There are 2 protein chains.
Amino acid sequence: MKLKLQFSPAGGTTCKVVPGPTLKRLPPYHRFLKEWQAMGRRTVSCTDIGARLALDPTQVRKDLESVGVAGKPRVGYVLENLIRDLERFLGWNNLNHAFLAGAGSMGSALLGNRKFEQCGLKIVAGFDVDPLKIGTKIHGTQILPAEKMKELAQRMRILIGILTVPATEAQAVADGMVAGGIRAIWNFAPVRLHVPEHVIVHDEDLYCSIAALSQKLFANLQMRPQATPAMARNISAAVPMR
Amino acid sequence: MKLKLQFSPAGGTTCKVVPGPTLKRLPPYHRFLKEWQAMGRRTVSCTDIGARLALDPTQVRKDLESVGVAGKPRVGYVLENLIRDLERFLGWNNLNHAFLAGAGSMGSALLGNRKFEQCGLKIVAGFDVDPLKIGTKIHGTQILPAEKMKELAQRMRILIGILTVPATEAQAVADGMVAGGIRAIWNFAPVRLHVPEHVIVHDEDLYCSIAALSQKLFANLQMRPQATPAMARNISAAVPMR
DNA sequence: TAGATTGTTAATCGATTAACAATC
DNA sequence: TAGATTGTTAATCGATTAACAATC
């Protein structure tokens, strides 16, 4: 197997870069493999994975290749090894500590999700400006005053920040995160953040999702009405037809 | 301007198809245009938009072309018209009614988001199996017993379902939605749903986001350490290097 | 052995970027 | 007019899909 290496400008370090689309398919693979394992299987083929996830088997093979695991012709992949390698690749073995800013309803929902830890993300503290929330615990995680975030992030060498504050506050809070040494921001606010280029932003824009969903729904209704005119009318003004 | 039309197999209807990546950029455009308008501007150019959102101006122009709006050379686009056309295209003028299944922390967070209505999505009812939640209102929306969902969806001709139940229940609840005539499911459960082909599923997989975020963070730390060895070690086992 | 499946290279497809003429 | 910006076509880039030899 050949590995593509990319030379990094900073030094002698090389670092394999996985295409974004591939990366997004890996967690579903992992989930399926766990199911498969629970069914008592010992090996799995790309055909198996592709069948369940509605993906081209060739694509699955390419994806696994870029993770760097090897299979055996005619047999497939050893399930146990594949799961282990995937988890290692995704960094799900060791926890990254994260701060969460904004303990509103979305922030609380994230604090309540214990499954994140299985994916290597541990929210170690929440921050808010609301005196009623400060000092309390939400789903077991301490809520601290927002003004302490920067200093604590520095001291604890936190690298990941989760941003669940209102859109109006997002940029200011993000600035604080950056000042505290945070290198990656998971942004739930519907705002394009300005950050230095050494900081990564991953936008979780639910409004974009709504747009995509209703657009696809509309196109789909066009093709297969199966609905009374009244139903179609409910949505038909959504997209201009030409 | 030429418009690409796609013939739909079902009948004489034509329906313009917008590439997915384009669609996801439209809500950010809209947001920026509103800001721009608040600043008192009357026109906007692709260069303006691209500069703020870190996008190639040509790409912005292509995107606007596929929405079907026209600008004027040397002037740009009339802001008011552009905003209006974007909203119309995205269907943000008229509301689509949606049901939400699973009034847990994530479900409640979505119920609490009043901004969704500005994007054409109105959650008209929530459903849950918990007797303590049934009959109450969460953020002003009534929570009803889960077993009523299917029939109500049919009667109210609901087309959109939001799925915020635990992974174990997701498929069963989705089946109920489909049986109730729902045509689009916004799925927050980390499961690949099986649905008939006339039903659309949009996955909101936070675990994939975590994977993408930590992977990008790791690659970034490789290139620009700027961190003490201890910091890097915190995360370095995450991805096998070769 | 036979045949399914991997590994790998080539072809296709779609989106982004570049180039440039048209135009206000 | 001059020059910025649109509209549009061509080139590039990257990801997906197809093809096929290698192999257990």
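The legends below describe close-up views of a predicted model.

**Figure 1. Protein residues around DNA strand D.** The strand has 23 residues around it, and those that come nearest are A:Arg25, A:Gln59, B:Arg61, B:Gly71 and B:Arg74. By residue class, this surface divides into eight nonpolar, five polar and 10 charged residues. On the DNA side, 67% of the strand D atoms within 4 Å of the protein belong to sugar or phosphate, and the rest belong to bases.

**Figure 2. Polar side-chain atoms at the backbone of DNA strand D.** In chain A, an N or O atom in the side chain of A:Gln59 is 2.8 Å from a sugar or linking oxygen of the strand. In chain B, a polar side-chain atom of B:Arg61 lies 3.2 Å from a phosphate oxygen of strand D. A polar side-chain atom of B:Tyr77 is also placed beside a phosphate oxygen of strand D, at 3.1 Å. Two or more residues of the surface near the strand come from each of helix H1 (20–38) of chain A, helix H3 (57–67) of chain A and helix H3 (57–67) of chain B.

**Figure 3. Cysteines A:Cys119 and B:Cys46.** Over all chains, a search of the whole structure finds zero disulfides. A:Cys119 is in no disulfide, and the nearest cysteine sulfur, that of B:Cys208, is 8.9 Å away. The residue A:Cys119 is buried, because its relative accessible area is 6% and the limit for buried is under 20%. For B:Cys46, the closest cysteine sulfur is that of A:Cys208, and the distance of 18 Å is too far for a bond, since a disulfide needs the two sulfur atoms within 2.5 Å. B:Cys46 also counts as buried, at 4% relative accessibility.

**Figure 4. The second largest pocket and its lining.** This pocket holds about 520 Å³ of space. Its lining consists of 21 residues, of which A:Met106, A:Thr164, A:Val165, A:Pro166 and B:Asn113 are the closest to the pocket centre. The elements of chain A that give two or more residues to the lining are helix H5 (105–111), helix H7 (167–179) and helix H8 (206–223). The lining residues divide into 12 nonpolar, seven polar and two charged.

**Figure 5. B:Ala109 in helix H5 of chain B.** The view is centred on B:Ala109, which has its place in helix H5 (residues 105–111) of chain B. B:Ala109 counts as buried, because its relative accessibility is 4%. From C-alpha to C-alpha, B:Ala109 and B:Arg25 are 24 Å apart in space, and in sequence they are 84 residues apart.

**Figure 6. Positive phi at A:Arg157 and B:Arg157.** Most residues other than glycine have a negative phi. A:Arg157 has a phi near 55°, a positive value in a residue other than glycine. The residue A:Arg157 lies in the loop of chain A between helix H6 (149–156) and strand E7 (160–163). Its relative accessible area is 38%, so A:Arg157 is partly exposed. In chain B, phi of B:Arg157 is likewise positive, near 55°. B:Arg157 is found in the loop between helix H6 (149–156) and strand E7 (160–163) of chain B. With a relative accessible area of 38%, B:Arg157 is partly exposed.

Terms used. Residues numbered from 1 in each chain as written. Chains lettered and ligands numbered in written order. Predicted model: local features only at pLDDT ≥ 70, side-chain atom pairs only at ≥ 80, totals over all residues. Heavy atoms only, no water. Near = heavy atom within 4 Å. Polar contact = N/O pair within 3.5 Å; in protein donor to acceptor, adjacent residues only side chain to side chain. Helix = DSSP H or I, 4+ residues; strand = E, 2+ residues; numbered from the N terminus. Nonpolar A, V, L, I, M, F, W, Y, C, P; charged D, E, K, R; others polar. Buried < 20%, exposed > 50% of the residue type's maximum accessible area, 1.4 Å probe, protein only. 1 Å grid on protein atoms, 1.4 Å probe; cavity = no way out; pocket = protein on both sides within 12 Å on 5 of 7 lines; lining within 4 Å. Points joined across faces, edges and corners; volume = space filled by probe spheres on them.
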